[in-house]
Amino acid sequence: MENYLLIKKKLSNIFFNDRIVNKNDLLFEHRVKANQLFISYSKKGFSHLPVLSASQDKGMIFRKDESKNILYTHDNLTNYKLVEPDNFVVHLRSFQAGFAYSDKTGIASPAYTIFKFKNNVAYNSVYWKEKFKSYNFIQLLKKITYGVRDGRSISFSDFLSLYLTFPDIKLQNKIGNVLSKLDTQISDQKEIIKKLENIKQFLLQNMFI
């Protein structure tokens, strides 16, 4: 598993670097401000939908699946924001983990900023999901991060003023496919390790019976 993680890290460093400006390099062929690609939106009044939370490594997850128990009243949910598949979320840990991607429909804290592509057809969501979690992008976010304590805030309007580099949609699709396959391998390896640990634990508990 460590090998797959290392490969993904190295590939991410190659694929995602907004400091590079080179129209002759297919990886960085396009360079525009984020406000040409994305738009924020806030829709409320969907309290019947499940509550989502931003995680640092899994994107948006169902709050009921979190290990910690967060209390909230149902009345407050009317003020929660709608989150849909292929949305991105700016959350209080984005300065560490980047923006969270959602493949789920639900509602999230009004403290989050929800945004999406202006044109879904032109962009690959997996490519941008990985880009927004990459080390290079998180370094870029430092320019628009405010505060000194945990839960630092990121100015979304300042994010929209940042220049982002990216390839055309065909190359985005290929990169997204490669990184998705690596994620599958990493997930499979984690499952194998978990099963082996369970077997080990069972043997240790029953060895001297």
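A salt bridge here is a side-chain nitrogen of Lys or Arg within 4 Å of a carboxyl oxygen of Asp or Glu. The model is predicted: local features need pLDDT of at least 70, side-chain atom pairs count only at pLDDT 80 or more, and totals for chains, interfaces and linings use all residues. Residues are numbered from 1 along each chain as its sequence is written, and side-chain values use heavy atoms, with hydrogens and water left out.

**Exercise 1.** Find the salt-bridge partner of Lys-131 and place both residues.

Step 1. Lys-131 pairs with Asp-18; their closest N and O atoms are 2.9 Å apart.

Step 2. Lys-131 sits in helix H3, while Asp-18 sits in the loop between H1 and strand S1 (30-33). Helices (H or I, at least four residues) and strands (E, at least two) are DSSP runs, numbered from the N terminus. The two partners are 113 residues apart, so this pair links distant parts of the chain.

Step 3. Check burial: buried means under 20% relative accessible area, exposed over 50%, partly exposed in between (1.4 Å probe, protein chains only). Lys-131 is buried at 0%. Asp-18 is buried too, at 7%.

**Exercise 2.** Trace the salt bridges of Lys-8.

Step 1. Start with Glu-130. Its side chain meets that of Lys-8 at 3.2 Å, N to O. Glu-130 belongs to helix H3 (residues 125-131) and Lys-8 to helix H1 (residues 2-15), so the bridge ties together parts 122 residues apart in sequence.

Step 2. Go on to Asp-183. Lys-8 bridges this residue as well, with the closest N and O atoms 2.5 Å apart. This pair joins helix H1 to helix H6 across 175 residues.

Step 3. Compare accessibility. Lys-8 is buried at 13% and Glu-130 is buried at 4%. Asp-183 is partly exposed at 25%.

Step 4. Widen the view. Shared partners join Lys-8, Lys-129, Glu-130 and Asp-183 into one network. The whole structure holds 5 salt bridges.

**Exercise 3.** Test the span of helix H6 and list its buried residues.

Step 1. H6 covers residues 169-206, 38 residues in total. The expected span is 1.5 Å times one less than the number of residues. That gives 56 Å for H6, and the model reaches 55 Å from first C-alpha to last, close to expectation.

Step 2. The buried residues of H6 are Gln-172, Ile-175, Gly-176, Leu-179, Leu-182 and Ile-186.

Step 3. Recall helix geometry. An α-helix has 3.6 residues a turn, so residues three or four places apart point the same way.
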